[in-house]
Amino acid sequence: MTQAQIQRSANLSILEAEPGERKWRDYFSFNTDHKVIAIQYLVTTFIFYCIGGVMADLVRTELRTPEVDFVSREVYNSLFTLHATIMIFLWIVPAGAGFANFLIPLMIGAKDMAFPRLNAVAFWMIPPGGILLISSLVLGDAADAGWTSYPPLSLVTGQLGEGIWIISVLLLGTSSILGAINFLVTLLKMRTPGMSTTQMPLFCWAMLATSALTLVSTPVLAGALILLSFDLFAGTAFFNPTGGGDPVVYQHMFWFYSHPAVYIMILPFFGIISEVIPVHSRKPIFGYKAIAYSSLAISFLGLIVWAHHMFTSGIPGWLRMFFMITTMIIAVPTGIKVFSWLGTMWGGKIRLNSAMLFAIGFVSLFVIGGISGVMLAAVPFDIHVHDTYFVVAHLHYVLFGGSVFGIYAGIYHWYPKMTGRMLNEFWGKVHFALMYVGMNLCFLPMHKLGLMGMNRRIAEYDAKFAALNFVCTMGAYLLAISTVPFIINAIWSWMYGPKAGNNPWEALTLEWMTSSPPAIENFAGFPVLATGPYDYGMERPRSEVDVPLADEREPALAAGPKSALRADPDPNVAANPEDRK
Amino acid sequence: MNIPSSIWTLLIGIVLTLTSLWYGQNHGLLPTAASDEATLVDGLFDTMMTIGTGLFVLVQGVLIYAAFKFRRRKDDNTDAPPVFGNIPLEILWTAIPAIIVIGLSIYSFDVYNEIGGFDPHSAHEAPIAGQAMTMPGAAIAATLNDTPPSTDPNSNQIKSDEAMSDPATASVRNSDQVPQKRDAPGMGIVSPGIGASPDNVGKAPGLAVNVTGLQYAWIFTYPDTSVVASELHVPAGKEVMLNMTANDVIHAFWVPELRLKQDVIPGRQSEIRFTPKIVGEYKLICAELCGPYHGAMNTKFIVETPENFDKWMQEQQVATKGNLEQAIALNVAGRSPAEFLSPYTMQMGIQPETLHQLHHH
C-alpha cells in the first residue's frame, strides 16, 4: 500500500455517505459554511486583483514614455494609490484569509471554523470596503497621497477621497482582525483529538504566525487612521505641523502595522509552498519543525523592524542601526525556509505540474526579493535607493513573485478539492510561462532604474530612462495577457473539467481524506493521522536515506523517520509499527 | 571518466565564487560617485552584490538542476526516499546566513559612521548650528531623540520677533502655514540626518546653505549673502552643510551621485553634510511624493571649482541686491498670485506657461 492509501483506509469511516451539494445560489448568500466563505473570499479578491491589475497597466502605460501623455498627473497619483491599496487590502491579505478559511478546518479535521457567523461578517465587510474605495474614482476625488498616505500631503489633497480611503481601509483592517481571531481560536481549540500542534500541516503554522501578527499590529493602523481622520475633518493637529503636530509620528504608527503587513501577506504563502512542494516532490518536507518555528520567528521579528521604512525620515543614528540589524536578521529564518524547500526537492521525484511550477517560480523569484531586501536593510545603501524604483522592484519580487505566485500555486493545488474538478494542465503551464517571463520583464529592469536615479511615484521622468521603462511596460502588458488563459481555464474546468476524485495528488494531509468538493460538514467523525502529514516514501527501504552529516541512531542527527524534526503520525493509530507507542 | 561528487562540488564552488566576485565589481548599475561618501556606499553595495550574486546563482542553480535531475520518470509512481530533515544541516544554513548578515551589519555600521551618520548629536557644538539643535520637540518625538533637554527658552515654538526677522530665511518665510524658527528656514525639532564625517566632527562646515522644499520647487538661501537661488551651487572639495526644511508637505532631497537622501519635513529641521569631489552638473530630485507635480520637482546640483563658485556667488549678490527690500515692500492686495509671483518664479527658472498650467489643473 502506498502512504496515501494507508491514510485513506484509516479514514474511510469519516467519509460522509451523502456529502450534500452546494447550489450556486449559496455562494451569493450570507452563508456560514467556511468553504462557501472561502470561495467567496477567493473569487471576490480575484475580481479586485483584476481591477488593481488594470490600474497597474494604466500606470505602466503612462510610464511608457517620459512625458505625461496618457492621464493627468492627479489621476496618475490616484491610480498608483488605489493600485497599491487594492492589491494589499483587497487581494493578497484577503486571498490569504480565503485559503485559511478553506483549509484550516479541513486540515485539522474540524467541521467548521470556531465562529462561523463572525467568519461571514469578516468576509462581508470586504465588498463594501472595496466598492467604496473604487467609487472614489467615479466621484472624481480618489485618494492620491500614495497608499502610505503620509500627512501633511494626505491632509491637503482632497478631503473626500482621503476620507473614503480611510473608511475603506478601516473596514478592511477590521475584517482582517476578525478573521485572525477566528483562525487562532480554530487552530488552538478545534484540532482533531489525535493532532498536536507539532503535527499540524505547515500551512496551519503559517496561519498561526500570521494571525498573531495581524492581531498585534492591525489595531495600531486603525489608531493611526482615526487620528489622521481627526486631522482631516476635525482640524486637530496630531500629525499636522501647522498646529505643532509631527508627521513622523504617523509614519511610526503606520509602519508599525504596514511592515508586519508584509509578513501577513507572505507567511500564508510560505505555508502554501510548504504544502505544495512535498506533495509534488513525493518526499517529506525537509525540516518540518525548523520551518514551523521559523514562521513564529518571522512573526516576532516582523514586529521590530518597521522603522527601516524611515531611514531617511530623520530618526536617530542608533535607532537606524537597531532597525538595520533586526531587519537583516529576518533573512535567517527566511533562509531556513528556502533551503529547506530546496532540501525537499533534492532527491525527490518531482511532478512538474502547474502547481509545482508556480511553487518553483515562487522560490526563484522570492529569493531575488529577499536578496534585495537584505541590501535595503543596510542603512547607507538604503539612503541612496529609498523611494526609488529599486524599492518598487524589490516589493514586487516579494509580493508579486512571492505572494501572487504562491496564491496561484495554491489555486492549482487545491482547485480539485474546492471544485471537484481538475484544471487543464497545458493551459496552466502556458499561464505559468507567460507570467514568469512577464514578471521578470516588468520588474527586473526596475532595479537598475532605481539605482541610476529614477524616483518612484512620478508620472514623468528623465528621457535617459525611456528604454528600460518601455521594457517594463511591455512586461506589464504580458502579465495582463497571462491572466486570460487562467480565467478561461478556471471557469471552463469548473463546469466541464474531468472529475478529480478525493485525492488526485496522493497527498497525506487530512483535507484530501474527504470528498471533492468536501462534504458540507467536512467529516463524519474525527479523522486520524495514520501516517504523518508528510510521510511520503515510508514504504521504501531506509537504506536509501543518505544525507551528509546524518546519523540514523540519534534523533538529533537522524535524517530518516527518527529525525527530531519530523511531524509524527498519531502514535495510537500509526500504520507503521515503529511509530506506535 | 567518473569524477567524484566532492570534486564537482569544489569546482562548482570555485566557479560560483569567481563569477560572484567578477559581477560584484562589474555590475555597472550605479551612476558616477561624486563624493567620498558615495564611494564608500558603492563599496558596500559591491560587497552585497557579490554575496547576492553567489546566493542567487546557487538557489537558481539548485532549482533548475533539481527540476531536471529529480523530475519524475515516466511510469514511476513511487515516492522518493523518506528524508525528514537533518539538524546539523539546519544549523549549517542558519549559521552561514547569520554570519553573513552580522558581517554586513558591521560593514554598514562602519560606512554609516564614516559618512557621518552618528554625528548629528554633536552637531550643536558647531558654531553654525546654534542652540536650535538642542530644542526637544513634541513629547513623543523626544522619546525617539537622544538630544539632552535644554534649559534655554524655546524660541522655536512661538513666532518670536527674532525668528521672524532672521535674514537667512526672510525670502522663504511661510509663517502662516508653519510656525517659524530661527537659524533654519523651518521649525520644530532637529531631525537627525547625516552629519560630519569623523574627520570633520567639531569643525564648522566649509559652506552652509539653507534649503527649503515647497510644492514644487527648491529654494536655496546662502546665509550672510542674501543670495537666493533655485539651483544648488557648491564648491568642490569643501564640506557643505545643508540645513533643510519644508514649507508645506514632506519633500526629500536626493542627489543620486552623492548617494545621499534626506526627507525634508515641515516643522522639522533636517541637516546633512557631505563633501562633493567631482565637478559636474547633477540632478537634484525630490524623492518623496509631494503632489501631482512631484515628478517635475527637480533642479540642478552644480559642483564647481572654488574659483567658479566664488564668481557665481558674486554675480548672484549683484543681481539680488535691492530685490529683497522690494519684495517685502510689495503691495500684494489687488494682484493675482501669478502677477505677484512672477518676479520670483522667473528667478527660480519657472516659465510663466508652467504657472499658467498649474492654475488649470
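Here is a walk through this predicted model, from chain B and its domains to the place where chains A and B meet.

Let's start with chain B as a whole. Chain B has nine helices and eleven strands. Of its 361 residues, 42% are buried. If you look at contacts in chain B between residues at least 6 apart in sequence, 71% of them join residues at least 24 apart.

Now for the domains. The domain assignment splits out domain 1 (5-66 + 91-114) and domain 2 (119-138 + 168-329) in chain B. Where the two touch, eleven residues come from domain 1 of chain B and 15 residues from domain 2 of chain B. On the domain 1 side, α2 (36-69) and α3 (87-114) of chain B each chip in at least two residues. The top contributor to that side is α2(B), which gives four residues. Sorted by class, the domain 1 side that touches domain 2 of chain B comes out as five nonpolar, three polar and three charged residues.

Next, find the open sheet in chain B. Five strands build it in the order β5-β11-β10-β7-β8, with mixed pairing. The edges belong to β5 (232-235) and β8 of chain B; each has a single partner strand, so one side of each has no neighbour in the sheet. Going from one strand to the next, the twist averages 20 degrees.

It's worth zooming in on the β8 edge. Strand β7 (residues 251-255) of chain B runs antiparallel to β8(B), and five bridges join the two. You can follow the pairing residue by residue: H251(B) stands opposite V264(B) in β8(B), while V255(B) has L260(B) as its bridge partner. Four residues sit between the strands of this hairpin, and R259(B) takes a positive phi near 55 degrees there.

So is β8(B) buried or exposed? Strand β8 (residues 260-264) of chain B is mostly covered, with five of its five residues buried. That goes for both faces: L260(B), Q262(B) and V264(B) are buried on one side, and K261(B) and D263(B) are buried on the other.

Now step back to see both chains together. Chain A puts 100 residues into its contact with chain B, and chain B puts in 90 residues. The chain A side of that contact has 60 nonpolar, 24 polar and 16 charged residues.

For a single residue to look at, try N77(A), in helix α3 (residues 73-107) of chain A. N77(A) counts as buried because 28 other C-beta atoms lie within 10 Å, and the cut-off is 20 or more. Leaving out residues up to four places away in sequence, N77(A) touches D144(A) and, across in the other chain, P292(B). As for I167(A), it is 90 residues from N77(A) in sequence and 19 Å away in space, C-alpha to C-alpha.

Finally, there's the nonpolar interior. The largest nonpolar core has 268 residues, and those with the most contacts inside it are C204(A), I273(A), F358(A), A359(A) and A409(A). Domain 1 (5-66 + 91-114) and domain 2 (119-138 + 168-329) of chain B each supply at least three residues to this core. Take A359(A) as a way in: apart from its neighbours within four places in sequence, A359(A) is in contact with I273(A), V276(A), I277(A) and A409(A).

Methods:
Residues numbered from 1 in each chain as written. Chains lettered and ligands numbered in written order. Predicted model: local features only at pLDDT ≥ 70, side-chain atom pairs only at ≥ 80, totals over all residues. Contact = placed C-beta atoms within 7 Å. Nonpolar A, V, L, I, M, F, W, Y, C, P; charged D, E, K, R; others polar. Buried ≥ 20, exposed ≤ 12 C-beta atoms within 10 Å, placed from the backbone. Pairing = 2+ DSSP bridges. Core = buried A, V, L, I, M, F, W, Y, C linked by C-beta atoms within 7 Å. Domains from an automatic or database assignment. Axes fitted to C-alpha atoms, helices over the stretch in contact; angles between N-to-C directions.
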